[in-house]
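Here are my notes on the model you sent round, set out as numbered points so that each can be checked against the coordinates. They begin with one well-connected side chain and work outwards from there.

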Amino acid sequence: MISYLKRIREVHHRVFLTFRLYQKLMMTRSPGHVGEQQARDNLDTLNKYRGVFATTTDSTRYTSLMSLAVLFIPSWARNGDPSISLIDLMNRMGRLSTKSQEQIDELAKLQQEIKKYQQKINVLKSWRDQQLAHLDLNPDNSSMSDKGLEDLMELSIKIIALAEWCLEYKDLTLYQYQHNAQSHIAAEGEVDLDFDKLLNELQS
């Protein structure tokens, strides 16, 4: 099961960084995040190199959608076993006999969160199925809001952190587990820093 978790984590790391780049592209033109003047300056720069930044914005959002669909929605191999998915990972954790009571409680909380976001997961599945069935059509990314993407990304981080706690870091306290779940966010700093450096270079 640890090797299964590692496979999921590899996919998740890539989609997390891709989604963070998309978020950064959107925030850098938002007055609410950078102020009105800076947002105008940034937008001028993005438009100056529109061929690069418009393509990157569209592709990072599309990749984030498709990758989250892969992570949340099981597909089935020829032998009848599900491919890697966060839902299957949750089911496997449920069958573990070595969980502490705190881990059982956290698993129950995450199962309730999955139910809370089931409608968004269903939207993601419908979008994925339409894309796979009509690869010749231009993708319609509007069916899933950016807030929906952010919610599912945060849920995916919590699921992986709980799996790590149950499988790899069994001696962590509840507080340490919760801190570890938040530490995944630290990876976004490198994306933010490099993007800001690139934007500053283009504006200098």
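**Notes on the packing**

1. Leaving out residues up to four places away in sequence, Met93 touches Met1, Lys99, Leu107, Ile159, Leu162, Ala163 and Cys166. Please keep in mind throughout that this is a predicted model. Met93 is also one of the residues with the most contacts inside the largest nonpolar core, together with Phe72, Leu89 and Ile159, and that core has 40 residues. Two or more residues are given to this core by each of α1, α4, α5 (86–95), α6 (101–116), α7 (118–133) and α8, and the largest share, twelve residues, comes from α8. Apart from this core lies another, of five residues, which include Leu46, Phe53, Phe195 and Leu199.

2. As for the overall make-up, the chain has ten helices and zero strands. Of its 204 residues, 38% count as buried. If one takes the contacts between residues at least 6 apart in sequence, 74% of them join residues at least 24 apart.

3. Which residues of α5 are buried? They are Leu86, Asp88, Leu89, Met90 and Met93, so a reader going through this list should note that Asp88 counts as charged while the other residues named count as nonpolar. The cover over the buried residues of α5 includes α1, α4, α6 and α8.

4. The pairing of α5 with α6 deserves a separate look, since the axes of these two helices come within 11 Å and cross at roughly 150 degrees. Angles over 145 degrees count as roughly antiparallel, and α5 and α6 are therefore roughly antiparallel to each other. Their crossing is left-handed, and the contact is made by Ile87, Met90, Met93 and Gly94 on the α5 side and by Leu107, Leu110, Gln111 and Ile114 on the α6 side. By class, the residues of this contact divide into six nonpolar, two polar and no charged.

5. Two leucines illustrate how these helices are joined to α8. Leu110 has its place in helix α6 and is buried, with a relative accessible area of 2%. When its neighbours within four places in sequence are set aside, Leu110 is in contact with Met90, Leu155, Lys158, Ile159 and Leu162. The C-alpha atoms of Leu110 and Met90 are separated by 8.7 Å, although the two residues are 20 apart along the chain. Leu162, for its part, is found in helix α8, and at 0% relative accessibility it counts as buried. Between the C-alpha atoms of Leu162 and Leu107, which are 55 residues apart along the chain, the separation is 7.5 Å.

6. How do α1 and α8 pack against each other? Helix α1 and helix α8 (residues 146–167) pack at an angle of about 150 degrees, with their axes 10 Å apart, and the two are therefore roughly antiparallel to each other. The crossing of α1 and α8 is left-handed. From α1, the residues that meet α8 include Ile2, Leu5, Ile8, Arg9, Phe16 and Gln23, while those on the α8 side include Asp146, Leu149, Glu150, Met153, Ile160 and Leu167. The residues of this contact divide into 14 nonpolar, three polar and four charged.

7. Helix α1 (residues 2–27) also packs on helix α4 (residues 50–72), where the axes come within 9 Å and cross at roughly 145 degrees. Here too α1 passes its partner, α4, in a left-handed crossing. Among the residues making the contact are Val11, Thr18, Leu21 and Leu25 of α1 and Phe53, Thr56, Thr60, Arg61, Ser64 and Leu68 of α4. By class, the residues of the contact of α1 with α4 divide into eleven nonpolar, eight polar and one charged.

8. A last point concerns Thr45, which is found in helix α3 (residues 36–48). Is this threonine buried or exposed? Thr45 is buried, with a relative accessible area of 8%. Leaving aside its neighbours within four places in sequence, Thr45 is in contact with Phe53, Leu199, Leu202 and Gln203. Of these contacts, Phe53 and Leu199 are also among the residues of the five-residue core noted under the opening point.

Notes
Residues are numbered from 1 along each chain as its sequence is written. This is a predicted model: local features need pLDDT of at least 70, side-chain atom pairs count only at pLDDT 80 or more; totals for chains, interfaces and linings use all residues. Side-chain values use heavy atoms; hydrogens and water are left out. Axes are lines fitted to C-alpha atoms, for helices over the stretch in contact, and angles run from 0 to 180 degrees between N-to-C directions. Helices (H or I, at least four residues) and strands (E, at least two) are DSSP runs, numbered from the N terminus. A crossing is left-handed if the near helix is turned anticlockwise from the far one by less than a right angle, and right-handed if clockwise. Contact means heavy atoms within 4.5 Å. Angles under 35 degrees count as roughly parallel, over 145 as roughly antiparallel, 65 to 115 as roughly perpendicular and the rest as oblique. A nonpolar core is a set of buried Ala, Val, Leu, Ile, Met, Phe, Trp, Tyr and Cys residues joined through side-chain atoms within 4.5 Å. Buried means under 20% relative accessible area, exposed over 50%, partly exposed in between (1.4 Å probe, protein chains only).
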